[in-house]
Amino acid sequence: MISHSSSDAFRRIAAVTTFQSMRARDRMTFCNEFIQIASFIYGIGDFKGMMARDIHMHVKKNPSSWAQVDFSEAQDAANEGLFVVACYSTPEPGGDHVCLI
């Protein structure tokens, strides 16, 4: 999914990956929180307080702001500096994942 752009966001987002609070622990990951912080850096306020499944549903329900693309298009868009988030949902709650490309 693609939206918005920023030129210097990469350095600021890379710094977030060093935060101890973002490290997986006790069988929990914090992908949703990372996406919330990264999107805020890009000036995107769509994901505040959302879990991974909520983020996935939000981008699916907002095609005017987000586009579903294949892997090649996602990589190209990320290389151009666009905010690209990959989403995965399972039928059961708790197996969902989001990540920044």
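Modeller: Let's start with a term we'll need: a salt bridge is a side-chain nitrogen of Lys or Arg within 4 Å of a carboxyl oxygen of Asp or Glu. Keep in mind that what you're looking at is a predicted model.

Colleague: Okay. How many salt bridges does a search of the whole structure find?

Modeller: Just one salt bridge turns up. R53 pairs with D96, and their closest N and O atoms are 3.0 Å apart, which falls within the 4 Å cut-off.

Colleague: Which parts does that pair tie together?

Modeller: R53 sits in helix α3, while D96 belongs to the loop between β2 and β3, so the bridge links parts that are 43 residues apart in sequence.

Colleague: And is D96 buried or exposed?

Modeller: Buried means under 20% relative accessible area. D96 has 14%, so it counts as buried. Its partner R53 is partly exposed, because its relative accessibility is 27%.

Colleague: Now the cysteines. How many disulfides does the structure hold?

Modeller: For a disulfide you want two cysteine sulfur atoms within 2.5 Å. The structure holds zero of them.

Colleague: Why is there no bond for C87?

Modeller: Look for the closest cysteine sulfur: for C87 that is the one in C99, and at 8.2 Å it is too far away for a bond. Start from C99 instead and you land back on C87, again at 8.2 Å. As for accessibility, C87 is partly exposed at 24%, and C99 is also partly exposed, at 28%.

Colleague: Let's go inside. How should I read a nonpolar core?

Modeller: The general idea is that in soluble globular proteins, nonpolar side chains tend to be buried together. Here, the largest nonpolar core has 15 residues. Those with the most contacts inside it are I35, F47, I55, W66, F83, V85 and V98.

Colleague: Which elements give two or more residues to this core?

Modeller: That would be α2, α3 (52-60) and β2 (82-88). Of these, α2 gives the most, with four residues.

Colleague: Then tell me about α2. How many of its residues are buried?

Modeller: Helix α2 covers residues 31-41, and eight of its 11 residues are buried, so by the under-20% cut-off it is mostly covered. Among the buried ones are F34, I35, A38 and I41. The buried set also includes N32, Q36 and S39.

Colleague: What follows α2 that has a positive phi?

Modeller: That's G43, with a phi near 85 degrees.

Notes. Residues are numbered from 1 along each chain as its sequence is written. This is a predicted model: local features need pLDDT of at least 70, side-chain atom pairs count only at pLDDT 80 or more; totals for chains, interfaces and linings use all residues. Side-chain values use heavy atoms; hydrogens and water are left out. Buried means under 20% relative accessible area, exposed over 50%, partly exposed in between (1.4 Å probe, protein chains only). A nonpolar core is a set of buried Ala, Val, Leu, Ile, Met, Phe, Trp, Tyr and Cys residues joined through side-chain atoms within 4.5 Å.
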